[in-house]
Each structure stands twice: as C-alpha cells, then as structure tokens.
Amino acid sequence: MKYVIALDAGTTSVRAFVYDLAKGAFVYGAQQEVGQSFPRPGWVEQDADEIYYKAAYVLNDCLRFGEGEVAGIGFTNQRETTVLWDRATGEPVCPAIGWQCRRTSEWCAALDGATKELVRERTGLVPDAYFSASKIRWMLDNVPAARVLLAQGRLCAGTVDAWLIFRFTQGASFVTDVTNASRTMLFNIRTLDWDEDLLSRFSIPREILPEVRSCDARMGEMRTRDGVLPICGVAGDQQAALVGQNCLRPGEGKITYGTGLFLLFNTGERCTLSHSGLLTTVGYRLGGRTAYALEGSSFHAGSGVQWLRDGLGLIENAAQSGQLAASVSDTGGVCFVPAFTGLGAPHWDPDARALFSGITRGTTRAHLVRAVLESIAFEARELTDCIRGDGVPLSAVRCDGGASANDFLMQFQADVLGVAVDRPAERESTALGAAMLCALSLGLADETSVAEYRRAGQVFAPDAAVRDERERGYEAYRLAVRRARMK
Ligand code: ADP
C-alpha cells in the first residue's frame, strides 16, 4: 500500500489529499466548496447532507487516483459545528448549527455561576455559544422532529467527524474522537468521558452522543469500489495541525496565521487550566497517552491585510504588504490594533474596536502597512505570554496559514517572541496531521518516524540586536490595546 488519504472537512470547503508514504508528500488533492447560510443576524447554518456528499465526491476522486493502493483514511474537520440526525435513516433532522453561530449566546450568559464554574473545571472551556452543548440544547428545544426521534430512541447528535463517519460507514459506527469531544462543553477532559453532571444540567441524554475514541483508534470501515477501507486517525482541525506540525512534546506549539490567529501549545500529560483567558483542550490521544494543549485565538490577523487591500486600497495584493513593511525601518510610532469585531483571547472584549494610533504628518502608507503586520505578531506575543504565565515554557513555535508566507512577518514574529519561528515546506498542516494520525493508527509509522512527514522549510531565528526595540514596540501596542478598549 503506497498511500493514505486525509479528508479535511472545513468550514468553507471540503478537501481530500493523497499522501504518498514513500515520497513523504502529498501527491494529489481534490476540493469542493461548501455553502453556509445566515438565516438571521448572528446565525450560521450548514447543510449536513451537502458536507457529506461533497466529502464523498472528493474522497472518490482521491480513491480513483490511489487505484487500490490506499491503506486507510484519516479525518479532520471544522470543530464544534453540530449535526442532529436520525439513527435509522441517516437523515439530518435540521440544518447543522455552525461554530460561529451566536444564537445561543443569551442561553450561555444566563447559566448560573456554579454551572459556569463546572464547565471551566470539567471541560477546560469558557461557557460560550461557540461550543456544541448549547447548539444541541437549542435543537432539542426548537425542532419538534428532534424530540420525536429522541422519544423513539433514534436521535444522534454529533460534530462533523461523527456525522461523516456515521454516513461513510452506513450507520455502523457512531463514534467521535477525544479532540472533537473536548469542544462540546459536555466532555470531561480528565476522565475522557461525557460528564454526567454537565449532561444532567443541560438535560442532554448520553444515548444521543457518540462513543468517544482515541485519535489513533479504528473508527470504522468504509465500503469502496476497491473493497473495504479503514477510517482511522481523527482529530479536529486545530489539533490535527498540532500533530501535522509535529508538536508532540510539551512546550511545542503552532500558530496558524489565517483570517484569524489560532495558537495551540502542547502542555504534555498535565491538564493545565489557564489563569489567563486561554482554553484547555485535549491536544490528542495516541498510543494510550493523552496530551493536553492550551489554546488561544484572535479573530483578526490576515483579515487586517485583506482590509488594507480591499477596504483602504493601500496594497494591491497581500504579498505586497511584506515589501512595503520592509521598506521602512519602523512604523514611525504608529500602532494598529485589529479589533474589527472586538478582541478575543486574552481580553474577551466584544466592544473594543480597531484603531491606528500615533499618526503624524510624517506617516506614510508603508508605516500603516507595517503597523498592521506588526499587530499580528504582537497578538501572538500576548497569547504566548499567557502560555508562559500558565507555566508552560515555549520550546518551539511552528507556523502555518496564508499569512505565514510573509517573510517580514515571520522574522518580526521571531524577534518579538524571542524564539525561533519554524515554517515547514508544506502549508497543509491540518491535512498532514490527519495523514500522520492515519499512518500511526495503521502501524505504518511510529511517533519517531512520523516526525519525518513534516518537511523542513525555513527557520527564522530571533535577532538579539533588535530585542529592546521590539520590546518597546510591544509596550506601545499594549497601550494601543487599552485605547481600543476605551468606551
Ligand atoms: P483561512 O483559512 O482563514 O481562510 P488562509 O490560511 O487561507 O486563511 O490565509 C488567508 C489570509 O492570509 C488572508 O487574510 C490574507 O490576507 C492573508 N495573507 C495571505 N498571503 C499573505 C501575505 N503574503 N502576507 C500577509 N498576509 C497574507
């Protein structure tokens, strides 16, 4: 067997890649866009059937390429998005509620103090509409068909991984993995089981939830034209990227520079609850061992660069931002805070708004562009300061996502963090993680050999000569954040 396939069911597209085990690289990929609908302000829905049919399409495409030489399929997926379906027919009961959907915000805010504390303590999360529990509760309360199926013992509730595995195994496997489970607000991250106290407080019956397995467990078998293929190797997208970046030791972490900024750091077998506004989550469970992770995210990173291009017309394309930023030696005192829709971790301030500060008559386009790129690095610094504050020393920072292509940003990031920033040759860390988990599960790799899946790219070492200057820049940024939060 030459190949494993990684299926990545993302928010806006479903993609599948063929990974060649001998070449150590992806050799084929297929992609289908998936729709989202926004039926009311703040609501986000998806068609679970569409996700399944498009996943089947891209998988079949990859299987045709693989021509009978595929050993297995690993899955990774957008997290938290919740599907309810009929166990007997496999039909979705209603539209899936997307992770960005805010319809249950008030319900979450109204939870009593003891329940909120229980959520933090048991799940490592902060009570929020983002996570699946309130979405399941909303569907049970508002979709009559869901209650009928519940009464008949036919209701299934799950995240996108559980939904796809159920459909691909024709209902034979109703399972999820520990990383996806840890994003539901129902999962006890210490006992690695659904939490009875939370289930009863939220009145969600355990029977409607999938069985939870390790990331390297065999999840089921999928019938294909070449025979039966194992589905094994499953993790939510951020956790799959952690694995794909080979962050398998404590202190190793990855920062994804996409539309937003997503940071995940391995904290090892110790379950560290954050005191600084980060989330604790299951990083992965492999070979019977659990690794926990601290997670922080900012809503806007690359989106600031998009705004420079589309909103202000200061640049023609994203890549130009790096050239312009490097054309000046500093921002001339300008700071930018990308709080377009408020600030995420560690501030959690929905009312903050973006600002430029320190503008003078000497300010040029290059200064403004540079300030936007610098703000991305400073956001990451705020989050890594939280991780250090929670007692996790950073040993390696690996990067991916669209804006990680920017050499100026990566060098600036290394200087601001005081740690080398390591960019792999392969940008698809999420799919790579699913391929690695699949290979581990099938025994085609072990934890040492799997490290070779991640191919070296470029390492940006911190420049000690600019350290003091970068510290002053960070202090100025923190002051600008305080201004952005002033009412
Ligand atoms: P997502 O998965 O969130 O859609 P991607 O990982 O595809 O995001 O990254 C896209 C983002 O990266 C966009 O916001 C874009 O502005 C930014 N981006 C892409 N290339 C560069 C670059 N060279 N410099 C700075 N930002 C970039």
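**Close-up views of a predicted model**

**View 1. Lining of the second largest pocket.** By class, eight nonpolar, five polar and five charged residues make up the lining of the second largest pocket, where Ala, Val, Leu, Ile, Met, Phe, Trp, Tyr, Cys and Pro count as nonpolar, Asp, Glu, Lys and Arg as charged, and the others, Gly among them, as polar. This is a predicted model, in which local features need pLDDT of at least 70 and side-chain atom pairs count only at pLDDT 80 or more, while totals for chains, interfaces and linings use all residues. Residues are numbered from 1 along each chain as its sequence is written, and side-chain values use heavy atoms, with hydrogens and water left out. A pocket is found on a 1 Å grid over the protein atoms alone, as an open set of points where a 1.4 Å probe fits, with protein on both sides within 12 Å along at least five of seven lines, and its lining residues have an atom within 4 Å of a point. The largest share of this lining, six residues, comes from α15, a helix that spans residues 467-484; helices here are DSSP runs (H or I) of at least four residues and strands are runs (E) of at least two, numbered from the N terminus.

**View 2. Surroundings of the ligand.** Of the 13 residues around the ligand, those that come nearest are Thr259, Gly302, Gly402, Ala403 and Asn406, a residue being near if one of its heavy atoms lies within 4 Å. A polar side-chain atom of Thr259 lies 2.7 Å from an oxygen atom of the ligand, and an N or O atom in the side chain of Asn406 is 3.0 Å from a nitrogen atom of the ligand. Helix α10 (residues 302-310) gives the largest share of the shell, four residues.

**View 3. Helix α6 and the residue Gln170.** Helix α6 (residues 160-168) is mostly covered, with nine of its nine residues buried, that is, under 20% relative accessible area with a 1.4 Å probe and protein chains only. Among them are Trp163, Phe166 and Arg167. Just after α6, Gln170 takes a positive phi of about 50°.

**View 4. Less common backbone geometry.** Most residues other than glycine have a negative phi, and most peptide bonds are trans. Glu80, although not a glycine, has a positive phi of about 70°; Glu80 sits in the loop between β5 (70-77) and β6 (82-86) and counts as buried because its relative accessibility is 2%. A cis peptide bond, with omega about -5°, joins Ala345 and Pro346.

Key:
Polar contact = N/O pair within 3.5 Å; in protein donor to acceptor, adjacent residues only side chain to side chain. Buried < 20%, exposed > 50% of the residue type's maximum accessible area, 1.4 Å probe, protein only.
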